[in-house]
Amino acid sequence: MKATTAEIQKYLKLLEETPRRIVSAIKGVDETRLQSQSDKDEWSANDILAHLRSCADVWGDSIEKMLAKDKQTLPYIHPRQWVRKTNYRELPFHESFQAFKTQRKKLLKVLKSLSFEDWSRAATIKGREHTVFTQTRRMAQHENEHCAQIEEMLK
């Protein structure tokens, strides 16, 4: 899929909104509730944050690699496998969230500095071509769904 300027801006805006949406959703919620699963929820807010961080690690790394070298083949890493190699689920929510926000600022700084052509830089992952744009879109859409999940869970 070819990127358009409007779509790039749309997904950059979604990536910018993720931390703000989480801040709004967790306002006034204590750490115990952020760490706990309810009877109806498979994951706690902290589990979702750990998942988002893992996705940001994996997909953000692929974006960095595409920008460093176009048209390479990258290994497939599933974020649910990656999170098992981290301590994200064990960290206090606010500590983990601070790391997520720092990582997001760095990613947005890189993405906002790209030329239009850079959004088409690509890599083959698991036999399919992905571009900087498609990975950014994937991350933004995925986070949007999980933000809605956190908002619903904590309201």
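## A contact at T134

Let's start small: a polar atom in the side chain of T134 sits 2.7 Å from the backbone nitrogen of T131. That is a polar contact, meaning a pair of N or O atoms within 3.5 Å; within protein, one must be able to donate a hydrogen and the other to accept it, and residues adjacent in sequence count only if both atoms are side-chain atoms.

This is a predicted model, where local features need pLDDT of at least 70 and side-chain atom pairs count only at pLDDT 80 or more, while totals for chains, interfaces and linings use all residues. Residues are numbered from 1 along each chain as its sequence is written, and side-chain values use heavy atoms, leaving out hydrogens and water.

T134 belongs to helix 6 (residues 132–154). With a relative accessible area of 11%, T134 is buried (under 20%; exposed is over 50%, partly exposed in between, using a 1.4 Å probe and protein chains only). Helices (H or I, at least four residues) and strands (E, at least two) are DSSP runs, numbered from the N terminus.

## The hairpin

T131 also has a partner across the way: A122 stands opposite T131 in strand 3. Strand 2 (residues 122–125) and strand 3 (residues 128–131) pair antiparallel over four bridges; pairing takes at least two DSSP bridges between two strands. The two strands form a hairpin with two residues between them, and K126 in the turn has a positive phi of about 55 degrees.

## The sheet

Zooming out, there's an open sheet of three strands in the order 1-2-3, with mixed pairing. Strand 1 (72–74) and strand 3 are the edge strands, each pairing on one side only. Strand 1 and strand 2 pair in the parallel sense over three bridges, and Q72 has A123 in strand 2 as its bridge partner.
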